[in-house]
Amino acid sequence: MRPSIRLLFAMNEKNVKIKIFAIVMRGEEDDVEKDNIRITSEGVMSFDGKRIEIRYDEIMGDDGKAQNILSFDADEPNMVTLERSGAVSCIMTFSENGRY
């Protein structure tokens with residue numbers, strides 16, 4: 001039975017290439033500044049049957065490296081949580097069409 005347990009675990013965690021595209025808007029109504037952000041990285045994706053988690057590193061310019069965990073419930077993919085630690089540390093939750 002042990003080989004099948006190891007196989008099941010290996011299927012729940014996988015090395016992935018991550019591409020994140022985002023538009024950051026700063027300001028109010030008529031005075032909005034937009035920045036396009038593109039991040040490409042390698043990471044590890046895991047799935048526990050309910051929640052999907054993607055772990056990856058990001059270089060923060062001269063500030064060094066940040067470790068990120070991007071996660072969401074499989075049943076609710078329009079709400080995403082980003083946990084960042086390292087050069088910059090924070091926890092942010094994003095939802096589709098939400099302003100932050």
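**Entry 1: β5 and β6**

I began with Met79 and looked for the residue across from it in the predicted model. Met79 stands opposite Ser95, a residue of β6. I then counted the links between β5 and β6 and recorded 6 bridges, with the two strands paired in the antiparallel sense.

**Entry 2: β4 and β5**

I moved to the pairing of β4 with β5. Strand β5 covers residues 79-86, and 6 bridges join β4 to this strand in an antiparallel run. As one example of facing residues, I noted that Ser71 stands opposite Thr81 in β5. I also looked up what separates the two strands in sequence: β4 and β5 form a hairpin, and 5 residues lie between them.

**Entry 3: β3 and β4**

How many bridges pair strand β3 with strand β4? I found 9 bridges between β3 (residues 51-59) and β4 (residues 65-73), again in the antiparallel sense. Within this pairing, Arg55 has Ile69 of β4 as its bridge partner. The hairpin of β3 and β4 has 5 residues between the strands, and there I noted Gly61, which takes a positive phi near 65 degrees.

**Entry 4: Asp57**

I selected Asp57, a residue of strand β3. Is Asp57 buried or partly exposed? Its relative accessible area is 36%, so I entered Asp57 as partly exposed. The limits that I applied for this class are 20% and 50%. Leaving out residues up to four places away in sequence, I listed what Asp57 touches: Ser41, Glu42, Lys65, Ala66, Gln67 and Asn68. I also took a C-alpha to C-alpha distance: Asp57 and Gly43 are 7.3 Å apart in space, with 14 residues of separation in sequence.

**Entry 5: the whole sheet**

I next put the strands in order. The model has an open sheet of 6 strands, ordered β1-β2-β3-β4-β5-β6, with antiparallel pairing. The edge strands are β1 and β6 (90-95), because each pairs on one side only. From one strand to the next, the twist averages 30 degrees. As background, I noted that strands of a sheet pair through backbone hydrogen bonds, either parallel or antiparallel.

**Entry 6: Val24 and Met25**

I turned to strand β1, where Val24 lies. Val24 has a relative accessible area of 25% and is therefore partly exposed. Setting aside residues up to four places away in sequence, I found Val24 touching Glu33, Lys34, Asp35 and Ile37. For Val24 and Ile37, the C-alpha to C-alpha distance is 7.3 Å, while the two are 13 residues apart in sequence.

Met25 is also found in strand β1, which spans residues 13-28. Its relative accessibility is 44%, so Met25 counts as partly exposed. Which residues make a nonpolar surface patch with Met25? I identified Ile23 and Val32, and the patch they make with Met25 has an area of about 270 Å².

**Entry 7: the chain as a whole**

Finally, I looked up totals for the protein chain. It contains 1 helix and 6 strands, and along the sequence these follow the pattern α-β-β-β-β-β-β. The chain has 100 residues, of which 17% count as buried. About 8,100 Å² of the chain is exposed, and carbon and sulfur atoms supply 52% of that area. I also looked at contacts between residues at least 6 apart in sequence: 23% of these join residues at least 24 apart.

Definitions and conventions
Residues are numbered from 1 along each chain as its sequence is written. This is a predicted model: local features need pLDDT of at least 70, side-chain atom pairs count only at pLDDT 80 or more; totals for chains, interfaces and linings use all residues. Side-chain values use heavy atoms; hydrogens and water are left out. Patches are made of residues with over 30% relative accessible area and no salt bridge: like charges are joined within 9 Å, nonpolar side chains (Val, Leu, Ile, Met, Phe, Trp, Tyr) within 5 Å. Accessible areas come from the Shrake-Rupley method with a 1.4 Å probe; for residues, only the protein chains shown count as cover. A salt bridge is a side-chain nitrogen of Lys or Arg within 4 Å of a carboxyl oxygen of Asp or Glu. Helices (H or I, at least four residues) and strands (E, at least two) are DSSP runs, numbered from the N terminus. Buried means under 20% relative accessible area, exposed over 50%, partly exposed in between (1.4 Å probe, protein chains only). Contact means heavy atoms within 4.5 Å. Axes are lines fitted to C-alpha atoms, for helices over the stretch in contact, and angles run from 0 to 180 degrees between N-to-C directions.
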